Amino acid sequence: MEKICARSCVSLLFNRSSQTRRSHLLLPFVSLPLSRASHRPISTSNRPCVTMSVRSDAVVDTHDSPKGSETFFRTVISNMEKVYLNRNPTAKAILDLVQSHDGDNICYDHFAFRTFGVDGYGINSLAEFFMDFGYTPREELRFPAKKLKALWFSPPGDSSSNKNGTGIKGPLPRVFISELIVDQLSSESQEVIRKYIKASGVGKKYASLASMCGGLTWEKPSFSDYQVLSRESEYAAWTLVNGYALNHVTISTHRLKSEIRKIQTLNKFIEDSGFKLNSEGGILKVSPDGLLHQSSTVADSISFTFADGKTDIVPCCYIEFAERLKLPQFKDLPDKEVKEFHRRDGFEVGNADKIFESTSKDQLTRNVA
């Protein structure tokens, strides 16, 4: 998690074809129809309004081709995955475990990232990269107690020539990007975050590069600053030391072939194999409609040396599991005919709120115990 200096990463990100070069403009204003009181429309820039009419629970089967080179895009997210797996031995071990039991059937449901919602370093800083390659913003979720908001993005509907591939070579994942609403924090925490954002300079333009290289766009923090954020917001402290690194990947359990395609069976399989699952709100998190089931491991911890020379253990990443059940109108459709758009889409505030706890001190303490 050093400041970015990897020449190879810089070369990779900027060797894009001329038609896919980004202008670094901010996202347009997105106004979304919402099905729950906890959701709000999102405004991410001052550009003209673009009104969308897609709900998280709508049936969507788009066939837009991704903008730009899919090979390039997959190379970037593959490097994001490599950084993630290098930092998270639990995730790698579980992916290997599931593969050994189920074969090459692992597909990713979504990738998730954390950001600071201040001075352009929030959701938009990562979102424009994914939107350049055909991703569509769908719905905002709000987490008032955590001072967070999030926006999820659906991939191009017909984006892969490797639809039968697995992992990073399989169907492109959804993307879930959250941000800390910095203005709602104490003045002390705001001062800490803004200090590092200021030191980052134009780092907000290179969020995807930072994620791909595993570097920070701001200076390495001091231990005292980390402690200030830790006392108020676990999310803030995590983001300070991990930056734009991939927070977690999610296995799409219903795309597996063996009995562990049922998430409750998979959870037992994982626990029986010696891994600890996030117990906040129960091991299994179920949406009110009963159609989205999720669970996750507790985050791994890594040793981090702060700018003042202090070394301490900090939370890193985790892995999640999601089973999306058939929508009611497709309940009688034979399983062999079911496509992803026949299943429950989107995310759920209640589920996600508990999944966020995978990096909390409380869960890490339970993990040690």
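Two residues are in contact here when they have heavy atoms within 4.5 Å of each other, and this term returns at many stops of the tour. Helices (H or I, at least four residues) and strands (E, at least two) are DSSP runs, numbered from the N terminus.

What is on screen is a predicted model, in which local features need pLDDT of at least 70 and side-chain atom pairs count only at pLDDT 80 or more, while totals for chains, interfaces and linings use all residues. Residues are numbered from 1 along each chain as its sequence is written, and side-chain values use heavy atoms, with hydrogens and water left out.

**The whole chain**

Begin with the complete protein chain, which holds 11 helices and 12 strands. Of its 369 residues, 55% count as buried, where buried means under 20% relative accessible area, exposed means over 50%, and partly exposed lies in between (1.4 Å probe, protein chains only). Among the contacts in the chain with a separation of 6 or more, 72% come from residues 24 or more positions apart.

**The sheet**

Next, select the open sheet, whose eight strands follow the order β4-β5-β6-β3-β7-β12-β9-β8 with mixed pairing. At its edges stand β4 (136-143) and β8 (285-286), each of which has a single partner strand, so one side of each is left without a neighbour in the sheet. Two strands are said to pair if DSSP finds at least two bridges between them. Strands of a sheet pair through backbone hydrogen bonds, either parallel or antiparallel.

Moving to the β4 edge, select β4 together with β5 (residues 148-154), and you will find two antiparallel strands joined by seven bridges, with Arg142 standing opposite Lys149 in β5. Although β4 is an edge strand, it is mostly covered, since six of its eight residues are buried. The two strands form a hairpin with four residues between them. Lys147, in the loop between β4 and β5, has a positive phi near 60°, and with a relative accessible area of 25% Lys147 is partly exposed. Most residues other than glycine have a negative phi.

Then go to strand β3 (residues 108-117), which runs antiparallel to strand β7 (residues 248-252) and is joined to β7 by four bridges; here Phe111 stands opposite Val249 in β7. In the loop between β3 and α4 (123-132), select Asp119, another residue other than glycine with a positive phi, in this case near 55°. At 46% relative accessibility, Asp119 counts as partly exposed.

**Two helices across the strands**

Now add helix α2 (residues 70-87), which lies across β3, β7 and β12 (318-324) and runs at about 80° to β3. Helix α3 (residues 89-102) also lies across β3, β7 and β12, running at about 40° to β12. Axes are lines fitted to C-alpha atoms, for helices over the stretch in contact, and the angles run from 0 to 180 degrees between N-to-C directions.

How do α2 and α3 pack against each other? Their axes are 5 Å apart and meet at an angle of about 105°, and the two helices are therefore roughly perpendicular to each other, a label given to angles of 65 to 115 degrees. To see the contact, select Tyr84, Leu85 and Arg87 in α2, which meet Pro89, Ala91, Lys92 and Leu95 in α3. These residues divide into five nonpolar, no polar and two charged, where Ala, Val, Leu, Ile, Met, Phe, Trp, Tyr, Cys and Pro count as nonpolar, Asp, Glu, Lys and Arg as charged, and the others, Gly among them, as polar.

**A covered helix**

For the next stop, select helix α7 (residues 223-232), where Phe223, Asp225, Tyr226, Val228 and Leu229 are buried. What covers these buried residues includes α5 (187-200), α8 (234-242) and β11 (311-315).

**Helix α10**

Finish at helix α10 (residues 349-355), in which Asn351 is found. Is Asn351 buried or exposed? Its relative accessible area is 3%, and so Asn351 is buried. Leaving aside neighbours within four places in sequence, Asn351 is in contact with Lys285, Val286, Ser287, Leu292 and Gln294. The side chain of Asn351 also reaches the backbone oxygen of Lys285 at 3.3 Å.

Lys354 lies in helix α10 as well, and with a relative accessible area of 25% Lys354 is partly exposed. Outside its neighbours within four places in sequence, Lys354 is in contact with Asn278, Glu280, Gly281 and Lys285. Finally, select Ser296, which stands 58 residues from Lys354 in sequence and 9.5 Å from it in space, C-alpha to C-alpha.

How values were computed: Polar contact = N/O pair within 3.5 Å; in protein donor to acceptor, adjacent residues only side chain to side chain. Parallel < 35°, antiparallel > 145°, perpendicular 65-115°, else oblique.
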